Structure formats: structure tokens, C-alpha cells
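Below are some brief points on the fold and packing of this model, for reading alongside the coordinates.

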Amino acid sequence: MASRHTLGVELAAGAREAWAALVVEQDGVVSRQQALGVGWTTGQIETHCRRGRWRRLHPGVYAAFTGEVTWRGRLWAGLLHAGAGAVASHRSAGRLQRLVDTDPDVVELLVPWGHRVTAQPGLVVRSSRHLSARRQPARSLPQTRVEETVLDLVELCMRDDDVVGWLTRACQRGLTTPTRLQSALAGRQRLRHRPLVRDALADVVSGVASPLESRYHRDVERSHGLPRASRGERVTVEGRHWYADVRYRAYRLRVELEGLRWHAGEDRWRDAARDNAAVLSGDVVLRYDWRAVAGAPCATARQVAGVLRTRGWPGAVRTCGPACAASD
């Protein structure tokens, strides 16, 4: 934003401060109405564009400087083009909320139901009847709530492991909690992958019969002919007691299942201590999360079976269907 006209030197003295604050807040991107409201005239706006000081990004939306437009600038341009009530959503909101790690190729927005927006390159606009409830309050850059962003991203997923990946990432990064995601889920009458999301979020309730453990038993163990393991078995090593999620006692193999909870440093220390204690007891430990169990059960079964065979299991892994990847 190097052009001197961005600073508003042609404006009246009282309007320069307001103009400077506006272009800084919106990454140098302004609407025609905003420019006129500050004090620019229609003729001045056209002159700036004709001489290359400003650039049109969308109809009535300008980059009021000569430098490169940032991703946030493109997002502001989309919001200004879409009009009042528009918010960043899906990957665009995810980028603002540290859920997405790279700048998306397109700007994704959500607008009120029935609000029409002229299509523009690089801009994806969806509408919602419940936008007011899904909007994050008190943010200078309008966006959906984190929990709504996660569910919007889940809605677009084609694979189960991608669904669980968004849920896991949001919780492990401390952006939200399974409880808050459950509340958001309850507020949606329709959601693709709803059973998987419901089961994954229910994993916040610890216990032997957790949804993740149930999925492991059904999709990994039973579907592939693995031996039946014990659940929640207490293991004592050097006077300390540990509880194994899944234990194949005869083959000295333990499987620990990682839920969606974000583990604080103390919890991670306990996990490491528990695994180290397993070595002292003669057990081997495998550790799997929702992605491995729900998204890739066949590959997980193959790995577990491989370890079981090295520990003396005489059986053979069974395929669960024509596309099963568990067999040798």
C-alpha cells in the first residue's frame, strides 16, 4: 500500500484519519460506498483506477494501493462484494481460526438465505437460513463460529478419515471442545456424516465402552478375524496400576486408542509412562486415533495382525470385502 493516495492526502483534513484507519483494518480494500462516505468523489475514484493507483477487484470494490493484494485483502474484497450480513465460512473461516494452515485458493462466504450475490472468479458463496446463530460475534472480520466452521468442513468431506481429521484437529489445537461441537451438531437438522460425527464426539465420555473402542472392536478386530482382546484390563508394573484400552494378553500386545481430547502436558507424560511400563511388563504397544480406526480400519487390522503373528498368533487376517487392504 505504497501509493500516497492510500493515505488520503487529497481528502479534507478531518477525513484522513478515518480513511487511514479503514484501509489498515481492511488490508487496503474498500468498497465504493465506503470511499464516497469518507469523502472521495466519483471522479477521483475513477481517476485513481484509470491511472493505476487503485484496482478493481470486484464491481464496486477496490484495492486502494499499488502493491500485492494479500489473502486477507481478497477475503475483505469478497465480503464487501457480497454485502451486509456476509461472513467468512468453510476454509476461509478455518484459515482465520488456525484450523486451516495455508491460504485457500478461493474465498468462501456465507450469506443470509435469499440474499443474491453476483458470481465472481475466485469467490464461492453459499446461503443459510440460520446465519445469525452461526456467526461469531465480536470479530472485526465477519466469520462463522469455530464449531460451525468445523461442521461446514465436515459437510464437504468425502472420506471418513477426513471427517475425523477436522474434529481431531479442532480439539487438539484447543480451538474448541467436543462438548461445544456436540451443541453445534444438535442445532443442525441435517449434516452429512452425522452418525460418524456423533460417535466421534461421544468419545469425550471416557470408559471401556467408548465409541472409538466399539469401532475398533467392530471394524478392525471382528471384521478382520483378529483374536478377541480384553478391554480395560488392569496391568500392574512395579506397584503401579495401569488400564489397557485393548490387550491381547496371550500375545503380550496392547492397543491404546486416542480419542478427541486435547492432551495437556501432564496427560502426555502419563501416556509415555504407561507405554514405558508396558515394556517392563513385556507388552508391545500400538497406538491408534480416530483416523486410523474409523478412516483406515483395514490398514490398521493388517498392522495389528502383523504384530500378533510375530508374538505367536497362528491365525490369518480375514478380508472384510472386495476392496479390503488388510490381507497380505
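1. The model is predicted. Of its 328 residues, 48% count as buried. The protein exposes about 16300 Å², and carbon and sulfur atoms supply 50% of that area.

2. The secondary structure comprises 14 helices and 10 strands. Among contacts between residues at least 6 apart in sequence, 56% join residues at least 24 apart.

3. One open sheet has three strands in the order 4-5-6, with mixed pairing. Strand 4 (87-88) and strand 6 (123-128) are the edge strands, each pairing on one side only. Strand 5 (residues 107-112) pairs with strand 6 in the parallel sense, over six bridges. Within this region, leucine 110 stands opposite arginine 126 of strand 6.

4. Which helix lies across strand 4, strand 5 and strand 6? Helix 4 (residues 71-82) does, and it runs at about 25° to strand 5.

5. A helix pair also deserves a comment. Helix 11 (residues 211-222) packs against helix 14 (residues 297-310) at an angle of about 70°, and their axes are 8 Å apart. The angle falls within the 65 to 115 degree range, so helix 11 is roughly perpendicular to helix 14.

6. On the helix 11 side, the contact is made by Tyr216, Asp219 and Val220. Helix 14 contributes Pro297, Thr300, Ala301 and Val304. The residues of this contact divide into five nonpolar, one polar and one charged.

Terms used. Residues numbered from 1 in each chain as written. Predicted model: local features only at pLDDT ≥ 70, side-chain atom pairs only at ≥ 80, totals over all residues. Heavy atoms only, no water. Helix = DSSP H or I, 4+ residues; strand = E, 2+ residues; numbered from the N terminus. Buried < 20%, exposed > 50% of the residue type's maximum accessible area, 1.4 Å probe, protein only. Contact = heavy atoms within 4.5 Å. Areas by Shrake-Rupley, 256 points an atom, 1.4 Å probe, with all protein chains shown as cover. Axes fitted to C-alpha atoms, helices over the stretch in contact; angles between N-to-C directions. Parallel < 35°, antiparallel > 145°, perpendicular 65-115°, else oblique. Nonpolar A, V, L, I, M, F, W, Y, C, P; charged D, E, K, R; others polar. Pairing = 2+ DSSP bridges.
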